Amino acid sequence: MPELIKPTARLHSAWTEAHREWGPGVHEDGFGLLPSDEVGSAAGFATWVARLTDAADPAEAGRTFCLYRWIVEGDRVLGGIALRHGLDEFVLQFGHIGYGIRPSARRRGLAGWALGRMLDEARELGLDRLLVICAVDNLASARTIARHGGVLDDIRDTEFGPVRRFWIEV
């Protein structure tokens, strides 16, 4: 049975396995991985996890509040999901919620399950309307968003290619 957990340095090996499955780059949506993050060593990974944990503190001025959760089953990392608070330029470009499921764990309903849990979190935080974005050719994600109440606002070209922009009333 999957669960959503806070990022933890304890799962360094499991996360690295998932990262390798995605292939090179920092394209795993929902993990908050930046090109500058050094996640190969235990110390670098722990520093990255600490940054993710710190991002959840709304008291940190000048930063986008972001709640990161990992989708795990046992000690296996299946994906990640992030809930960003506010409506700054970053959120307008990438959405309030971003998620990704490792290739071998797709087609199990995990993205929809995790999205539903994060919508519950958003409700508890008092958020009432969320922007969720997916690549225009990611039809599985578009269906997942629509099943959770997402209403297509528009399709836009971005520096990363065309995206569908959905709004969800929480």
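How many bridges join strand β5 to β7, and do they run parallel or antiparallel? Select residues 129–135 for β5 and keep β7 in view: seven bridges join the two strands, which run antiparallel. Before going further, bear in mind that this is a predicted model.

**Stop 1: strand β7 and its partners**

Now colour residues 161–169, which make up β7. Seven of the nine residues in this strand are buried, so the rest of the structure largely encloses it. Next, add β6, residues 151–158, which pairs with β7 in the antiparallel sense, again over seven bridges. Follow the chain from β6 to β7 and you will trace a hairpin with two residues between the strands.

Val163 in β7 is a good residue to click on. Ala135 stands opposite Val163, and Arg156 is also a bridge partner of Val163.

While you are here, show the side chains of Asp154 and Arg165, which meet in a salt bridge (3.1 Å, N to O). The pair links distant parts of the chain, with Asp154 in β6 and Arg165 in β7, 11 residues apart. Arg165 counts as buried because its relative accessibility is 5%.

**Stop 2: the largest nonpolar core**

Let's move to the interior. Select Leu83, Ile97, Tyr99, Leu130 and Ile145: of the 24 residues in the largest nonpolar core, these touch the most other members. Elements that give two or more residues to this core are β2 (66–73), β3 (76–84), β4 (97–101), α4 (110–124), β5, α5 (139–147) and β7. Helix α4 provides the largest share, seven residues.

Centre the view on Leu83 and look around. Beyond its neighbours within four places in sequence, Leu83 is in contact with residues including Phe65, Leu67, Ile97, Met118, Ala122 and Leu130. His96 and Glu121 are also among the contacts of Leu83. A second, separate core holds 20 residues, among them Ala18, Leu33, Trp48 and Tyr68.

**Stop 3: salt bridges**

The whole structure has 10 salt bridges. Pick Glu17 and Arg102 next; the closest N and O atoms of this salt bridge are 3.2 Å apart. Glu17 sits in helix α1 (residues 12–22) and Arg102 in the loop between β4 and α4, so the pair links distant parts of the chain, 85 residues apart. What is the relative accessible area of Arg102? Arg102 has just 1% and is buried, while Glu17, at 39%, is partly exposed. Add Glu21 and Arg76 to your selection: salt bridges that share partners join Glu17, Glu21, Arg76 and Arg102 into one network.

For a local pair, go to Asp120 and Arg123, whose closest N and O atoms are 2.8 Å apart in a salt bridge. Both residues lie in helix α4, three residues apart, about one turn of the helix. Asp120 is partly exposed at 35% relative accessible area, and Arg123 is partly exposed at 45%.

**Stop 4: out to the surface**

Return to the loop between β4 and α4 and select Arg107. Its phi is positive, about 70°, although Arg107 is not a glycine. With 86% relative accessibility, Arg107 counts as exposed.

Finish with Phe90, Phe94 and Phe160, which make a nonpolar surface patch of about 310 Å². Phe90 belongs to helix α3 (residues 89–94) and counts as partly exposed, with 40% relative accessibility.

Conventions:
Residues numbered from 1 in each chain as written. Predicted model: local features only at pLDDT ≥ 70, side-chain atom pairs only at ≥ 80, totals over all residues. Heavy atoms only, no water. Patch = residues over 30% accessible without salt bridge, like charges linked within 9 Å, V, L, I, M, F, W, Y side chains within 5 Å. Areas by Shrake-Rupley, 256 points an atom, 1.4 Å probe, with all protein chains shown as cover. Salt bridge = Lys/Arg side-chain N within 4 Å of Asp/Glu carboxyl O. Helix = DSSP H or I, 4+ residues; strand = E, 2+ residues; numbered from the N terminus. Buried < 20%, exposed > 50% of the residue type's maximum accessible area, 1.4 Å probe, protein only. Pairing = 2+ DSSP bridges. Core = buried A, V, L, I, M, F, W, Y, C linked by side-chain atoms within 4.5 Å. Contact = heavy atoms within 4.5 Å.
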